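Biologist: Could you pick one part of this model and take me through it closely? I'd like to see how it is put together and then where its residues lead in the rest of the chain.

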Amino acid sequence: MLYVELVMSIDRLIEAARTAAPKPDRWPAAAVLAHVADTDDQVWWPRIARMITDSPGDVPVTFGPWEPDPADVLRRHRDAAVDDAAARAMANRVALVTRLRDLSDVQWSSTAVQEGVGQIDVETMVYLVLAYDEQQRAALVLEGLSADGLQQGGEGADDRDRFLP
């Protein structure tokens, strides 16, 4: 079930990017997709892999701030085409799903402590992926990401580095 939802979620995000109205003081839709693709590749899977390999027994690995640097993402992807970013986002998501499908039941029960969230297992991490997708989709549909990489709505720079509770 989660595998299908992960693919459907990135598909919804891609559709939102394709229909998002450009705003001069906001991230281009392609940059948002590229950011999500980077997060799948540089954050979600590496953290799940560490949960599996570095959490012996009752001592879970601890994770702090977690996003790729927003300024770097925007610099690298400001002029990207939406279709190129969409293809990369979908490819990275399919790679994530493929890796997840290969996990054993024991690996799914691996744990970590996520700063701002607490102790999580791999399934909870997947739900955090889905929540993050929806946060990014809402930013495209409702308000966009400001050019400095912070979401509008009064949250500070430190808040962007934490999972939603």
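**A helix pair, up close**

Modeller: Happy to! Let's take helix α1 (residues 2-19) and helix α4 (residues 82-101), whose axes come within 10 Å and cross at roughly 170 degrees. Here helices (H or I, at least four residues) and strands (E, at least two) are DSSP runs numbered from the N terminus, and axes are lines fitted to C-alpha atoms, for helices over the stretch in contact, with angles from 0 to 180 degrees between N-to-C directions. The two helices are therefore roughly antiparallel to each other (over 145 degrees; under 35 is roughly parallel, 65 to 115 roughly perpendicular, the rest oblique).

Before we go on, please keep in mind that this is a predicted model: local features need pLDDT of at least 70, side-chain atom pairs count only at pLDDT 80 or more, and totals for chains, interfaces and linings use all residues. Residues are numbered from 1 along each chain as its sequence is written, and side-chain values use heavy atoms, with hydrogens and water left out.

Who makes the contact (heavy atoms within 4.5 Å)? On the α1 side you will find Tyr3, Leu6, Val7, Ser9, Ile10, Asp11, Ile14, Ala17 and Arg18. Facing them from α4 are Val82, Asp83, Ala86, Ala89, Met90, Arg93, Val97, Leu100 and Arg101. By class, this contact holds twelve nonpolar, one polar and five charged residues (Ala, Val, Leu, Ile, Met, Phe, Trp, Tyr, Cys and Pro count as nonpolar, Asp, Glu, Lys and Arg as charged, the others, Gly among them, as polar).

Val97 is a good residue to zoom in on. This valine lies in helix α4, and it counts as buried because its relative accessibility is 8% (buried is under 20%, exposed over 50%, partly exposed in between, with a 1.4 Å probe and protein chains only). Not counting residues up to four places away in sequence, Val97 touches Tyr3, Leu6 and Val7, which are among the α1 residues of the helix contact. The C-alpha atoms of Val97 and Leu2 are separated by 8.8 Å, although the two residues are 95 apart along the chain.

Now stay on helix α4 and look at Arg88. With 29% relative accessibility, this arginine counts as partly exposed. Once its neighbours within four places in sequence are left aside, Arg88 is in contact with Ala34, Ala37, Asp38 and His77. From Arg88 to Val36 the C-alpha distance is 9.6 Å, with their positions 52 residues apart along the chain.

Some of those partners point us towards helix α2 (residues 29-54), where Ile52 is also found. Ile52 counts as partly exposed, at 22% relative accessibility. Its contacts, leaving aside neighbours within four places in sequence, are with Leu103, Gln107 and Ser110. Ile52 and Val122 are 70 residues apart along the chain, and their C-alpha atoms are 8.6 Å apart.

A loop offers another example. Gly64 sits between β1 (61-63) and α3 (70-77), and it touches Arg47, Gln114 and Glu115 when residues up to four places away in sequence are not counted. Gly64 and Gln114, 50 residues apart in sequence, are 6.3 Å apart from C-alpha to C-alpha.

Let's step back to the whole chain. It has six helices and three strands, and from the N terminus the order is α-α-β-α-α-α-β-β-α. Of its 165 residues, 45% are buried. Among the contacts between residues at least 6 apart in sequence, 76% join residues at least 24 apart. The touch of Val97 on Tyr3, Leu6 and Val7 is a nice place to start exploring on your screen.

Note on methods:
Contact means heavy atoms within 4.5 Å.
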